[in-house]
Amino acid sequence: MQVFSLLTIVVGGEIVDLVGQTGVVAKFVLLLLLAFSLISWAIILSKWSLLRRARVQSGRFVRAFRKAQRLQDVGAVAEQFRPSPLVGVFEGGFEEYRRQGGVSSGVVKNPTAIQRAMQIANSEELTRFERNLPWLAITGAATPFIGLFGTVWGIIDAFHGLGTAGAATLRAVAPGISEALITTAAGLAAAIPAVIAYNLIGASIREFAARGDDFAMEMLNAVERQQPQAAYSAAEVPGARR
């Protein structure tokens, strides 16, 4: 009873009455659209929260990275910035840096391997952000047609009842058509937020992809700065002994 009263206040009493008067097929369509909408809004809210925290922590992590003197100092505190995808990029590169003995000697044998490790980590972080996002695209594409199906079915039912009654007047058919159009409105109400959120969230994810690439280049610069000068000379002079 309380839920019905709340719906009456939010949506409007006339709309709630129309929904209550719809047929079995229309009610099933409305329940299906409601399920699509609830799942979509759960994804939207969770993604916005994730992206907001990732954006804040990314800024903090970059500032900590630029202030640190050594990469291992960053590795010691990286975990506290975990919501940021840049942490995953850093850890991917730092693990390869550690394998090559960079932590102990400061010399890396293959900087390209570090770059590839960070590219793989960046791709994994973006995949994590994109998880469940296709559902918004499915909702935006499918729900208007689901709502249209309910409307077409309701109009067919209304005209069938009109032919049976034999009262060919607008007054007789209008209630049935108005009830049928509810499903189209519900389909659009489910699709529009999903489409808008899909595009906005996708743009934010592409922004994080670009930031990940930029951070990978900045990390490579830090790796090169930490190599001893002798290693630079051996790497830069063709034919130099190592």
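**Stop 1: the contact of H3 with H7**

In this predicted model, begin by selecting Lys47, Leu50, Leu51 and Ala54 in helix H3, which meet Arg128, Phe129 and Glu130 in helix H7. By class, the residues of this contact are 4 nonpolar and 3 charged, with no polar residue among them. Next, display the two helices in full: H3 covers residues 24-67 and H7 covers residues 111-130. Their axes lie 10 Å apart, and the helices pack at an angle of about 145°.

**Stop 2: the contact of H5 with H7**

Keep H7 on display and add helix H5, residues 85-99. Here the packing angle is about 150° and the axes are 8 Å apart. How are H5 and H7 oriented to each other, roughly parallel or roughly antiparallel? Angles over 145 degrees count as roughly antiparallel, and H5 and H7 are therefore roughly antiparallel to each other. Their crossing is right-handed.

To see the contact itself, select Pro85, Gly88, Val89, Gly92, Gly93, Glu96 and Tyr97 on the H5 side. On the H7 side, select Ala113, Ile114, Ala117, Met118, Ala121, Asn122, Glu125, Arg128 and Phe129. Coloured by class, the contact of H5 with H7 shows 9 nonpolar, 4 polar and 3 charged residues. Arg128 and Phe129 deserve a label, as they belong to the contact with H5 and also meet residues of H3.

**Stop 3: a salt bridge within H5**

Remain on H5 and select Glu96, a residue of the contact with H7, together with Arg99. The side chains of Glu96 and Arg99 meet in a salt bridge, at 3.2 Å from N to O. Both residues lie in H5, 3 residues apart, which is about one turn of the helix. Is each partner buried or exposed? Glu96 has a relative accessible area of 16% and is buried, because the limit for that class is under 20%. Arg99, at 59% relative accessibility, counts as exposed.

**Stop 4: the network of Glu79, Arg82 and Glu91**

Which residues are joined into one network by salt bridges that share partners? They are Glu79, Arg82 and Glu91. Select Arg82 and Glu91, whose side chains meet in a salt bridge of 2.8 Å, N to O. Arg82 is partly exposed, at 32% relative accessibility. Glu91 is likewise partly exposed, with a relative accessible area of 31%.

**Stop 5: Asp73 and Arg70**

Move now to Asp73, which forms a salt bridge with Arg70. The closest N and O atoms of this pair are 3.0 Å apart. Asp73 has a relative accessible area of 31% and is partly exposed; Arg70, at 44%, counts as partly exposed too. How many salt bridges does the structure hold? The total is 7, and the bridges of Glu96 with Arg99, Arg82 with Glu91 and Asp73 with Arg70 are among them.

**Stop 6: Val103 in H6**

Leave Arg70 on display and select Val103, a residue of helix H6, residues 102-105. From C-alpha to C-alpha, Val103 and Arg70 are 9.0 Å apart in space, although 33 residues separate them in sequence. At 31% relative accessibility, Val103 counts as partly exposed. Which residues does Val103 touch, not counting those up to four places away in sequence? Select Gln72, Phe94, Tyr97 and Arg98 to show these contacts. Tyr97 leads back to Stop 2, where Tyr97 of H5 takes part in the contact with H7.

Definitions and conventions: Residues are numbered from 1 along each chain as its sequence is written. This is a predicted model: local features need pLDDT of at least 70, side-chain atom pairs count only at pLDDT 80 or more; totals for chains, interfaces and linings use all residues. Side-chain values use heavy atoms; hydrogens and water are left out. Axes are lines fitted to C-alpha atoms, for helices over the stretch in contact, and angles run from 0 to 180 degrees between N-to-C directions. Helices (H or I, at least four residues) and strands (E, at least two) are DSSP runs, numbered from the N terminus. Contact means heavy atoms within 4.5 Å. Ala, Val, Leu, Ile, Met, Phe, Trp, Tyr, Cys and Pro count as nonpolar, Asp, Glu, Lys and Arg as charged, and the others, Gly among them, as polar. Angles under 35 degrees count as roughly parallel, over 145 as roughly antiparallel, 65 to 115 as roughly perpendicular and the rest as oblique. A crossing is left-handed if the near helix is turned anticlockwise from the far one by less than a right angle, and right-handed if clockwise. A salt bridge is a side-chain nitrogen of Lys or Arg within 4 Å of a carboxyl oxygen of Asp or Glu. Buried means under 20% relative accessible area, exposed over 50%, partly exposed in between (1.4 Å probe, protein chains only).
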